[in-house]
Every structure is written in structure tokens, then in C-alpha cells.
Amino acid sequence: MAFDGVTIANVVSELKKELTGGRLYKIAQPEADELLLTVRQPGGQLRLLLSAEASLPLIYLTASNKPSPMTAPNFCMLLRKHLQNGRITDISQPGLERIVRIDVEHLDEMGDLRHKSLIVEIMGKHSNIIFCDDNGIIIDSIKHVTAAVSSLREVLPGRPYFVARTQDKLDALHTDPHTFRQALSSRPQPLFKALYGSFTGISPILAQELCYEAGLDGERPAAALEDADYEALYNVFSRMVSSILGERFTPNVAYARGNPVEFCAIPLTMYDSGEYHTTVYPSMSALLESYYAEKNTLTRIRQKSSDLRRIVQTALERNVKKYDLQMRQIKDTEKRETFRIYGELLNTYGYSAQPGAKSLETLNYYTGETVAIPLDPTLSATENAQKYFDKYGKMKRTHEALSALTREVKAEIEHLESVSAALDIALYEEDLAQIKEELIESGYIRRKGGSKKPKITSRPYHYISSDGFHIYVGKNNYQNDELTFKFATGNDWWFHAKQMPGSHVIVKLENAAELPDRTFEEAARLAAYYSKGRGQEKVEIDYVQKKHVKKPGGAKPGFVVYYTNYSMTIDSDISGIQPVL
């Protein structure tokens with residue numbers, strides 16, 4: 001799934017049609033490396049998301065808004081100063097580079113017309129958003145790049161802006177048949193690698209598609225092609241270039257078993273058979289938002305939850321080590337009953353032991369077998385018996401103490417694993433706030449002096465089953481307890497992944513006498529999806545009416561017991577279940 005130059009060309013084509021002539025009404029910076037521009041057009045307002053996030057750089061039109069920090073960052077304030085209410089005059093892309101240039105005209109403090117450019121570079125970890133004046137001089141950028149970071153180009157205020165040429169690639173939009181053939185034949189590589197290695201803007205998946213359309217094996221050596229092969233491939237390549245220049249795009253996603261595999265701005269015909277199918281989107285922005293919105297949210301929330309994850313992981317590792325040590329110590333106490341029996345047998349048959357003997361063979365009246373009891377030759381039989389009773393007593397006390405401790409540590413491990421599972425399904429900052437509060441109350445985080453308990457705004461996930469029943473899913477242990485013991489009534493159905501951390505899932509029975517089988521299956525899928533079993537083909541789910549679920553006194557948040565239940569094994573695919581937004 002490559003954000004290649006052809007995809008950028010598709011995005012630029014859309015932005016030119018939708019935003020040219022519009023005015024920059026609002027400029028926000030919701031994240032350190034992300035801008036959200038609101039553009040006012042005669043037909044209404046449009047939002048443009050620009051992200052230079054290293055692992056997921058993006059640019060697309062979106063209908064969604066994002067909360068911004070109370071105090072705008074310096075880069076955002078600078079853009080507001082220069083570009084607020086400015087008019088977008090052009091949006092362009094140099095060649096098929098992964099670069100979008102947004103030209104804006106505005107009036108300065110003296111009322112004179114000025115021109116500025118906002119340049120978005122979609123280049124993985126080198127992605128950036130750069131603000132330049134009309135002479136191509138950098139005013140500022142969302143990321144500063146010094147000479148110590150890059151020897152090719154500094155991105156700093158006052159430096160000239162230019163596109164760094166890091167690869168010797170040809171411009172795909174201006175290539176003749178002779179240059180095309182020469183570029184491919186000179187590379188000792190498979191054909192598809194030679195394609196994307198020779199021309200800008202071509203990704204591996206697009207190169208494979210071009211080979212497929214030309215009827216050629218992409219793994220075939222490029223230098224081994226015949227004249228007819230080069231001609232067929234160039235014809236396909238030329239048609240693609242004509243489509244780009246004519247701004248004729250077909251944004252589509254290829255799916256396999258309901259999961260997205262690849263996307264592209266031209267039709268992916270190689271995925272039109274067998275287990276695959278493709279879906280065409282009305283615009284590349286719609287495709288990117290649909291495909292990347294959740295992934296982008298997860299990437300952001302993982303960054304913001306890194307401190308909590310580290311705290312949970314550290315505590316979990318410490319408790320697991322403690323538990324393993326305690327279990328080894330308990331194993332060492334397994335001989336305690338043997339020592340007790342030795343003591344009793346010596347009290348009964350010790351009279352037959354010879355002075356100075358190192359052992360005594362006698363009948364074990366518990367099993368009817370002969371047993372050899374080791375003796376300390378310096379002690380009498382009675383003293384040896386007392387020595388064994390002392391060992392037994394010490395081991396018994398150790399076993400009892402360790403048994404209580406291991407139960408406590410095991411409960412702590414299960415609690416921390418459930419918190420870790422809650423962090424995995426968190427999507428918003430308010431979800432993290434509730435998890436953090438649980439860690440504070442559990443003693444893993446110290447509450448800052450004078451800070452008050454935050455107002456909790458996070459709510460459980462809400463779904464509607466195919467049969468119209470309301471299904472609720474807890475996002476963390478506090479919500480699990482609230483759903484199960486405050487929200488659900490006695491006859492509502494309760495679901496949970498068997499013997500693994502996961503969410504409590506409640507199906508409201510409402511006025512129905514019973515649930516349809518399909519609703520049982522959908523609720524079970526939700527329980528599987530919101531658990532550590534997510535992604536597995538088979539997850540065992542326990543389900544029971546809520547009235548049979550109990551919470552032991554003093555138990556950790558989210559911990560419950562039940563002694564009668566039904567079970568089913570099901571997958572964790574929830575694609576057909578309708579969420580309530």
C-alpha cells in the first residue's frame with residue numbers, strides 16, 4: 001500500500017478542482033506534525049488534512065474535525081499570521097514527485113499583495129511541511145532539518161528550498177520508447193523492480209500491475225525481454241501516463257477475504273479474480289480517509305499511550321518474575337508431607353534403629369510399602385523425628401504464606417494484562433484518561449500534587465445487531481464493571497473471551513423473550529475482537545445471562561466470576577456489525 005507519485009497526482013487533481021480559489025478560513029495544528037486547513041468556498045467549507053508523521057504521512061480532504069491544543073504551536077501561529085484569509089491560487093506537483101505545492105496569495109500588513117507557498121513532502125520519515133516565500137526561501141517548517149541530520153539539504157528558516165535528488169530516476173511523464181527501453185534493459189533486475197527503480201512516482205504494486213496488463217511476468221529479467229515485450233509494456237505505460245496527464249484516475253482498493261490488500265489510483269486488474277475483489281471509490285481522498293483514518297488514529301494513540309504502556313509492561317514483567325519465583329519456592333515445599341510421615345514413622349518404629357545408623361528401613365503404614373528413612377547418626381531416633389517435624393512445620397508455613405501471595409500476584413498479573421488489552425483497543429485520548437485513572441488508583445502512577453480526578457467522558461462502544469438489538473462493549477475495566485453491574489439487568493446477556501483479557505460485552509434483551517442466533521454470534525464476534533484473541537480465526541467465548549455473573553469482594557476492577565455458562569467458538573471479524581456513532 002504505497003503512497004506513490006501517481007496517488008499524489010490523483011490527490012492534487014482533486015485538490016485543484018475543490019480548493020483553487022478558496023480562502024484559508026482556519027488553520028489548526030492538532031498534532032506536532034499535522035495541519036488541518038479549513039478552506040471556504042462559495043459552496044461551503046472543506047477541510048484539508050496535511051500530516052508529516054514519519055510512519056504515516058498523509059494528505060487528503062476530510063469531513064472530520066479534530067480538537068486542537070489550547071495554545072497554538074509557533075508554526076501554526078506563523079501560518080495564521082501570513083496565510084489567514086489568503087486565497088489558494090494553485091495546487092501542483094513537480095513531475096511525479098511525492099510533493100504537493102499549495103500557492104496562496106494574501107495581503108500583508110501594508111495592504112500589498114504577496115505570494116507564499118506551503119509545500120508538503122510525503123516521503124516517509126523525511127516527510128515535512130515547509131512554508132516558503134515568493135522567492136523560494138524557507139520561512140519555517142513543521143520539522144527543522146539541520147546539516148547534522150541531512151548532508152543533502154538543510155530545512156531551516158532562511159535557507160533556499162529545493163527538491164533533493166537522492167535517486168537517479170527518470171521522469172515518467174516525459175519518456176520516449178527508446179529511453180524507456182534503454183532504462184529497463186540496463187538494469188540486471190526483475191522487470192517490475194527495474195520499472196519502479198527507473199522512474200519517479202512508480203511504486204512496486206503499480207509496476208506489477210503494468211507488467212500484468214502487458215501480459216508479462218514481473219519476475220522475468222528486464223534485460224531478457226524481446227522487442228514485442230518492450231513495445232507491449234511501453235503501450236501500457238504510455239496509457240497510464242496519458243491518464244495521469246488527462247487527470248483520469250480510478251481510485252480503488254483490492255480486498256482479500258474482506259481485508260484491504262492494496263490501493264492504487266489506476267485499476268488493479270490483477271486482483272479481479274479468485275479470492276480477490278476491488279472496490280472503486282468516488283475520490284482518492286475518500287479512499288485514503290477510509291483506509292488510513294483508523295490506522296492514523298491508532299498510530300497517534302499508540303504514541304500518546306507509550307508512557308502508560310511502559311508503566312504497565314514494567315509492572316507486568318516484575319510481577320511475572322515474582323510469580324515464577326514464588327511457584328519455584330512452592331514446588332520446593334512439596335516434600336513437606338514426606339517429612340511429616342518420616343517423623344511419625346520414627347516415633348512409631350524408631351526403637352528399632354541402631355545407634356549411629358544412617359538410615360532406617362521400616363513399613364510405611366500409609367501405603368503398605370517399605371521405606372528407607374535417612375537419619376542423622378549423631379542424633380537419636382526421637383531427635384531425628386523432631387528434626388523432620390520441624391522441617392515439615394517450616395515448609396507448611398512457607399506453603400501457606402506463598403499460596404496466599406501467589407494468588408495476589410496472579411490477580412495482579414491478570415489485572416495488568418487486562419489494562420494492557422484496554423490500551424490496545426483505546427482510540428481516543430479520553431479512553432487513555434480513564435485507563436490512567438485506574439493505574440493511579442491501583443498505585444502504579446502517583447497523582448500530581450493538587451490535581452483533581454479528571455471528568456471522564458469516555459463511553460463504551462455501541463453497536464446494533466442485524467436483528468436490531470443494542471450491544472455495548474466496555475473499553476476498560478471501569479467500563480466493564482459499570483456495564484455489567486450498573487447498566488445491564490438480570491436477563492441481559494453477557495459475553496467474554498474465555499480465559500484471556502478482554503472486554504465485557506452486554507446485549508440488551510429489551511422486551512424480547514430471547515435473542516436470535518445471529519445476535520448471539522455477532523455479540524460473540526465483538527467479544528473476540530475486543531480481546532487478546534483479535535485476529536485469530538477461532539476464539540472461545542463464554543456467554544451467560546448477567547444475573548449469573550458475580551464480583552467477589554475486594555476483586556480488581558473488571559474481575560468477575562460465573563459458575564454456569566454456555567460457550568461457542570467463533571472468529572473475530574466484526575465487519576458486518578453496525579456501530580452507533
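This is a quick tour of some ring pairs, helix packings and single residues in the structure above. Keep in mind that the model is predicted. It holds 23 aromatic pairs, and a handful of them are picked out below. After that come three helix pairs, a helix that is mostly covered, a strand residue that is exposed, and two loop residues with a positive phi.

**Aromatic rings**

- Start with a cluster: ring pairs join Trp493, Phe495, Phe520, Tyr543 and Tyr566.
- One pair in there is Trp493 with Tyr566, with ring centres 6.2 Å apart and planes at 45°, so the pair counts as tilted.
- Trp493 belongs to strand E17 (residues 493-497) and Tyr566 to strand E20 (residues 566-570), so this pair ties together parts that are 73 residues apart in sequence.
- Is Trp493 buried or exposed? Its relative accessibility is 11%, so Trp493 counts as buried.
- Phe495 and Phe520 make another tilted pair, at 6.1 Å centre to centre and with 55° between the planes.
- That pair also links distant parts of the chain: Phe495 is in strand E17 and Phe520 in helix H13 (residues 517-529), 25 residues apart.
- Both partners are tucked away: Phe495 is buried at 0% relative accessibility, and Phe520 is buried with a relative accessible area of 13%.

**Charges over rings**

- Lys391 has its charged end over the ring of Phe339, 5.2 Å from the ring's centre.
- Arg534 does likewise with Tyr529: the charged end sits over the ring, 3.7 Å from its centre.

**How the helices pack**

- A bit of background: two packed helices are described by the angle between their axes and the distance between the axes.
- Helix H3 (residues 177-185) and helix H6 (residues 227-245) have axes that come within 10 Å and cross at roughly 115°. That angle makes H3 roughly perpendicular to H6.
- The H3 and H6 crossing is right-handed. On the H3 side the contact uses Pro177, Phe180, Arg181, Leu184 and Ser185, and on the H6 side Asp227, Tyr230, Leu233, Tyr234 and Phe237.
- H3 also meets helix H4 (residues 191-198), with axes that come within 9 Å and cross at roughly 120°. Here H3 is oblique to H4.
- The crossing of H3 and H4 is right-handed. Phe180, Ala183 and Leu184 of H3 touch Leu191, Ala194, Leu195 and Ser198 of H4 in this contact.
- Phe180 and Leu184 therefore turn up on the H3 side in the contact with H6 and in the one with H4.
- For a third pair, look at helix H8 (residues 306-332) and helix H10 (residues 381-425): their axes come within 9 Å and cross at roughly 155°. H8 is thus roughly antiparallel to H10, and their crossing is left-handed.

**H4, a covered helix**

- How many of the eight residues of H4 are buried? Six of them are, which leaves H4 mostly covered.
- The buried residues are Leu191, Phe192, Ala194, Leu195, Gly197 and Ser198.
- What do they pack against? The buried residues of H4 pack against H3, helix H5 (204-213) and H6.

**Glu361, out on a strand**

- Glu361 sits in strand E13 (residues 359-364).
- With 61% relative accessibility, Glu361 counts as exposed.
- Glu361 and Ile373 are twelve residues apart in sequence, and their C-alpha atoms are 6.3 Å apart in space.
- If you leave aside its neighbours within four places in sequence, Glu361 is in contact with Thr370, Val371 and Ala372.

**Two loop residues with a positive phi**

- Most residues other than glycine have a negative phi.
- Asn85 is not a glycine, yet its phi is positive, at about 70°. Look for Asn85 in the loop between helix H2 (74-83) and strand E5 (87-92).
- Glu247, also a residue other than glycine, has a positive phi near 55°. Glu247 lies in the loop between H6 and strand E10 (252-256).
- Glu247 is partly exposed, with a relative accessible area of 31%.

Conventions:
Residues are numbered from 1 along each chain as its sequence is written. This is a predicted model: local features need pLDDT of at least 70, side-chain atom pairs count only at pLDDT 80 or more; totals for chains, interfaces and linings use all residues. Side-chain values use heavy atoms; hydrogens and water are left out. Rings of Phe, Tyr and Trp (its six-membered ring) pair if their centres lie within 6.5 Å; planes under 30 degrees apart count as stacked, over 60 as edge-to-face and the rest as tilted. Helices (H or I, at least four residues) and strands (E, at least two) are DSSP runs, numbered from the N terminus. Buried means under 20% relative accessible area, exposed over 50%, partly exposed in between (1.4 Å probe, protein chains only). A charge sits over a ring if NZ of Lys or CZ of Arg is within 6 Å of the ring centre and within 35 degrees of the ring normal. Axes are lines fitted to C-alpha atoms, for helices over the stretch in contact, and angles run from 0 to 180 degrees between N-to-C directions. Angles under 35 degrees count as roughly parallel, over 145 as roughly antiparallel, 65 to 115 as roughly perpendicular and the rest as oblique. A crossing is left-handed if the near helix is turned anticlockwise from the far one by less than a right angle, and right-handed if clockwise. Contact means heavy atoms within 4.5 Å.
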